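Grab a pencil and work through these short exercises with the model open beside you. Each one sets a task and then walks through a solution.

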Amino acid sequence: MSSPEAGPVSSPTTDSDRRTTVLNSALATFARFGYRKTSMEEVARAAHISRPGLYFLFSSKEALFRAAATQALERDIAVVEHVLADIDRPLPERLIEAFDRWAGRYVGPLARDVAVVIEDNPDLLGEIAQTAPRRFEELITDAIAVESGHETATPVAQTMISASIGLKHQAATREFYLERLKVAIELLVH
């Protein structure tokens with residue numbers, strides 16, 4: 001056992017931190033090169049890990065991609081849940097931030113690549129490709145329902161999501177996306 005003055009016995013980087021770092025590096029590499037052109041060697045280099053070390057963590061490129069995309073989608077959903085739960089803030093403000101975290105941060109020339117690589121490979125993702133967007137819609141609907149009732153909330157949430165998807169494909173910048181989305185939300189939530 002070590003004394004407090006001697007410092008920790010193990011490395012400050014835990015296995016969980018290492019895995020998260022590898023998955024973040026993998027997603028960025030997949031976004032840069034696309035799924036098909038990304039090699040495990042490129043991911044290992046980006047993550048500052050040996051190729052055998054990467055294969056120790058993930059048995060295949062498909063498993064690595066699925067884990068990286070799943071981590072990103074689950075993290076986005078968790079942030080959206082947190083944002084929408086802050087009922088001390090006005091609903092339109094929470095909705096704008098929720099959409100920004102879900103889609104806005106993927107707008108723009110570099111950021112768009114992350115969303116595209118996920119959208120272009122739904123077969124590799126399995127169930128998370130359907131459950132994450134459904135969960136996002138549920139969260140938006142529930143937040144709106146608190147103020148306007150569930151009957152009204154569903155079509156309003158679906159319209160907001162459709163507007164967000166359209167804007168995401170039109171917008172060259174995140175700022176443009178957010179400006180236009182703010183207008184849409186203000187029109188739909190009164």
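Before counting anything, a ground rule: helices (H or I, at least four residues) and strands (E, at least two) are DSSP runs, numbered from the N terminus. Keep in mind, too, that this is a predicted model.

**Exercise 1: The overall layout**

Work out how many helices and strands the protein has, and how much of it is buried.

Solution.
- Step 1: Count the elements. You should get 10 helices and 0 strands.
- Step 2: Write them in sequence order, which gives α-α-α-α-α-α-α-α-α-α.
- Step 3: Turn to burial, where the cut-off is under 20% relative accessible area. Of the 190 residues in the protein, 39% are buried.
- Step 4: Look at the surface. It adds up to about 11000 Å² of accessible area, and carbon and sulfur atoms own 54% of that.
- Step 5: Check how the chain meets itself. Take the contacts with a separation of 6 or more: 66% of them are between residues 24 or more positions apart.

**Exercise 2: The nonpolar core**

Find the largest nonpolar core and say which helix gives the most to it.

Solution.
- Step 1: Recall the background: in soluble globular proteins, nonpolar side chains tend to be buried together.
- Step 2: Size up the group. The largest nonpolar core here has 56 residues, and L54, L64, L95, F99, I140, I144 and M160 have the most contacts inside it.
- Step 3: Credit the top contributor, helix α4 (residues 61–85), which gives 11 residues to this core.
- Step 4: Zoom in on M160. Once you skip neighbours within four places in sequence, M160 touches L95, F99, I140, I144, I185, L188 and V189.

**Exercise 3: Charged pairs**

Track down the partners of D76, R94 and E138, and place each pair in the fold.

Solution.
- Step 1: Start from the idea that side chains of opposite charge can pair when their charged atoms come close. The protein has 9 salt bridges in total.
- Step 2: Take D76, whose side chain meets that of R105 in a salt bridge at 2.4 Å, N to O. This pair links distant parts of the chain, with D76 in helix α4 and R105 in the loop between α5 (91–102) and α6 (112–119), 29 residues apart. D76 is buried at a relative accessible area of 1%, while R105 is partly exposed at 25%.
- Step 3: Move on to R94. Its salt-bridge partner is E147, and the closest N and O atoms are 4.0 Å apart. Here helix α5 (R94) is linked to helix α8 (residues 128–148, E147) across 53 residues. R94 counts as buried at 5% relative accessibility, but E147 is exposed at 52%.
- Step 4: Finish with E138, which pairs with R135 at 3.3 Å between the closest N and O atoms. These two are about one helical turn apart, because they sit 3 residues from each other in helix α8. Salt bridges that share partners also bring in E81, so that E81, R135 and E138 form one network.

**Exercise 4: The largest pocket**

Describe the largest pocket: what lines it, and which helices supply the lining?

Solution.
- Step 1: Start with volume; the pocket holds about 510 Å³ of space.
- Step 2: List the lining. There are 22 lining residues, and L73, W102, E119, P133 and K168 lie nearest the centre.
- Step 3: Assign helices. At least two lining residues come from each of α4, α5, α6, α7 (122–125), α8 and α9 (150–170).

Conventions
Residues numbered from 1 in each chain as written. Predicted model: local features only at pLDDT ≥ 70, side-chain atom pairs only at ≥ 80, totals over all residues. Heavy atoms only, no water. Core = buried A, V, L, I, M, F, W, Y, C linked by side-chain atoms within 4.5 Å. Buried < 20%, exposed > 50% of the residue type's maximum accessible area, 1.4 Å probe, protein only. Contact = heavy atoms within 4.5 Å. Areas by Shrake-Rupley, 256 points an atom, 1.4 Å probe, with all protein chains shown as cover. 1 Å grid on protein atoms, 1.4 Å probe; cavity = no way out; pocket = protein on both sides within 12 Å on 5 of 7 lines; lining within 4 Å. Points joined across faces, edges and corners; volume = space filled by probe spheres on them.
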